[in-house]
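Visitor: I've just opened this structure and I'd like some help reading it. Could we take it one feature at a time?

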Amino acid sequence: MVIQYKCPDCGADMVFNSQTGKLYCDSCGHSEEIENYTTGDFQEFEEHFHSSAFEGDEVNQYQCNNCGAILLTDKDTTASTCSFCGSPVILGDRLSGVLAPSKVIPFSISKSEAEAAFKKWCRHGLLMPKDFKQADRIKNLTGMYVPFWLYDLQGQGEAIAHCTRIHTHDEGDTIVTRTNHFDVYRKVDLRYNNVPADASEKMPDDLMDKLEPFDYNNMKEFNTPYLAGFISEKYNYTDREMFPRVQQRITRYIDNYISESIKGYSTKNIINRDYHARQINAEYALFPVWMVYYDYNHSEYTFAMNGQTGKIAGKPPLSAAKAVGSAAGITLFLFIICRIITVLMGGPLLW
């Protein structure tokens, strides 16, 4: 089922406007509140397309309502544009049943704002090559809703740490050091809400992790008009399949929490730990990401930008000359500091 939103005034395509949070017609300027549209449960779509329901690697055939062309998409796409007329399309049957998101964070950064923010980011890259910093080789800038699972979890942990308190005092001409040893025990029961994990096979996990945090205060109940004008994909992994990765993340959270709770000691070392995480709930959500593809020196570099906060992640090329110069400068600085400390401690000033 192909969903397309048409302007009631002029009949042109309407897309989601990140600045107003409304559906907007570029042709005549008409806008519509998202709340005027209801997604429903897609029961009508499911009944109509029951014989050709989207399953596994199957790729259904869709037809653009605007020009009648056949839409070519891969099996993961849920929203795209017609390659013939450019009209935004939403594939309703791929957003139904277990594939229906419950939450969405809408784009709040427009395409022009994303491009300007990326260029500014490039200009502030100290070790980037000079011609890369000009940011004039953007090949493509694509707004995409990436599938995420949001987990509510219960984390439990026990840990034993070996800690010391070290005291020093003078006894005549002798400096006496006394070390007291302690076994410290911690047991915690923690609740974590909305822990995100991207469920897209195409998106590198480390790249998506670096875009966090997202602001959940602007998270909305899912409605299809938010997708109009953007690319969107369905999840490749279920919440159960993604849980081991989230479990590892919660284990780190518990470890950090326990470590930070042990205070007032000179040293601390956790020698035994036992952590567990239990899934309470998981919601399927779509998060906004601008994908920036940049050509430089016969290679393509991929960057991701949080479509809500503007945070950028990616690995730019480094200038070898700048990297060597920076390392040399740091080495010289440390050498000078060491010499100054030596002199202050009564040693000779040798250069």
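Guide: Sure. Keep in mind that this is a predicted model. Let's begin with Asp-209, which counts as partly exposed because its relative accessibility is 29%, between the 20% limit for buried and the 50% limit for exposed.

Visitor: Where is Asp-209 found?

Guide: Asp-209 is in helix 3, which covers residues 205-209. You can also look at its distance to Pro-196: the two residues are 13 apart along the chain, and their C-alpha atoms are separated by 8.6 Å.

Visitor: Let's try the rings. How do I read an aromatic pair?

Guide: A pair of aromatic rings is described by two things, the distance of the centres and the angle of the planes. Rings count as a pair here if their centres lie within 6.5 Å. By this rule there are 22 aromatic pairs. Take Phe-118 and Trp-121: the ring centres are 5.8 Å apart and the planes are at 35°, so this pair is tilted.

Visitor: Why does 35° make the pair tilted?

Guide: Because stacked needs planes under 30 degrees apart and edge-to-face needs over 60, and the rest count as tilted. With 35° between their planes, Phe-118 and Trp-121 end up as tilted.

Visitor: Where do Phe-118 and Trp-121 lie?

Guide: Both are in helix 2, residues 111-123, and they are three residues apart, about one turn of the helix.

Visitor: Are Phe-118 and Trp-121 buried or exposed?

Guide: Phe-118 has 0% relative accessibility, so it counts as buried. Trp-121 has a relative accessible area of 25%, so it is partly exposed.

Visitor: Which parts does the pair of Trp-149 and Tyr-235 tie together?

Guide: First, the geometry: Trp-149 and Tyr-235 form a tilted aromatic pair, 5.1 Å centre to centre with 55° between the planes. Trp-149 lies in strand 10 (residues 138-171), while Tyr-235 is in the loop between strand 13 (231-233) and helix 4 (239-261), so the pair ties together parts that are 86 residues apart in sequence. Trp-149 is buried, with a relative accessible area of 7%, and Tyr-235 is buried with 10%.

Visitor: What else is there to see with rings?

Guide: There's a cluster: ring pairs link Phe-107, Tyr-145, Phe-230 and Trp-290. A charge can sit over a ring too. The charged end of Arg-165 does this with the ring of Phe-182, 4.8 Å from its centre.

Visitor: On to strands. What order do the strands have in the open sheet?

Guide: A general idea first: in a regular strand the side chains alternate between the two faces of the sheet. As for the case here, the open sheet has three strands in the order 2-3-4, with antiparallel pairing. Strand 2 and strand 4 are the edge strands, since each pairs on one side only.

Visitor: How many bridges join strand 2 to strand 3?

Guide: Four bridges join strand 2 (residues 14-17) to strand 3 (residues 22-25). Val-15 has Tyr-24 as its bridge partner in strand 3. The two strands form a hairpin with four residues between them, and Gly-21 in the turn has a positive phi of about 75°.

Visitor: And on the other side of strand 3?

Guide: Strand 3 is joined to strand 4 (residues 31-32) by two bridges, again in an antiparallel arrangement. Here Tyr-24 stands opposite Ser-31 in strand 4. This hairpin has five residues between the strands, and Gly-29 takes a positive phi near 85°.

Visitor: Which strands pair with strand 14?

Guide: Strand 9 (residues 103-104) pairs with strand 14 in the parallel sense over two bridges, with Ala-285 as the bridge partner of Lys-103. Strand 10 pairs with strand 14 in the antiparallel sense over 26 bridges, and there Val-146 stands opposite Phe-287. Strand 15 (residues 299-306) pairs with strand 14 in the antiparallel sense over eight bridges, with Met-305 as the bridge partner of Trp-290. Strands 14 and 15 form a hairpin with two residues between them, where Asn-297 in the turn has a positive phi of about 55°.

Visitor: Last one: which residues make the nonpolar surface patch of about 290 Å²?

Guide: Ile-160, Tyr-185 and Ile-271 make that patch. Ile-271 lies in strand 14, residues 267-296, and at 53% relative accessibility Ile-271 counts as exposed.

Methods: Residues numbered from 1 in each chain as written. Predicted model: local features only at pLDDT ≥ 70, side-chain atom pairs only at ≥ 80, totals over all residues. Heavy atoms only, no water. Phe/Tyr/Trp six-rings, centres within 6.5 Å; stacked < 30°, edge-to-face > 60°. Buried < 20%, exposed > 50% of the residue type's maximum accessible area, 1.4 Å probe, protein only. Lys NZ or Arg CZ within 6 Å of the ring centre and 35° of its normal. Pairing = 2+ DSSP bridges. Patch = residues over 30% accessible without salt bridge, like charges linked within 9 Å, V, L, I, M, F, W, Y side chains within 5 Å. Areas by Shrake-Rupley, 256 points an atom, 1.4 Å probe, with all protein chains shown as cover. Salt bridge = Lys/Arg side-chain N within 4 Å of Asp/Glu carboxyl O.
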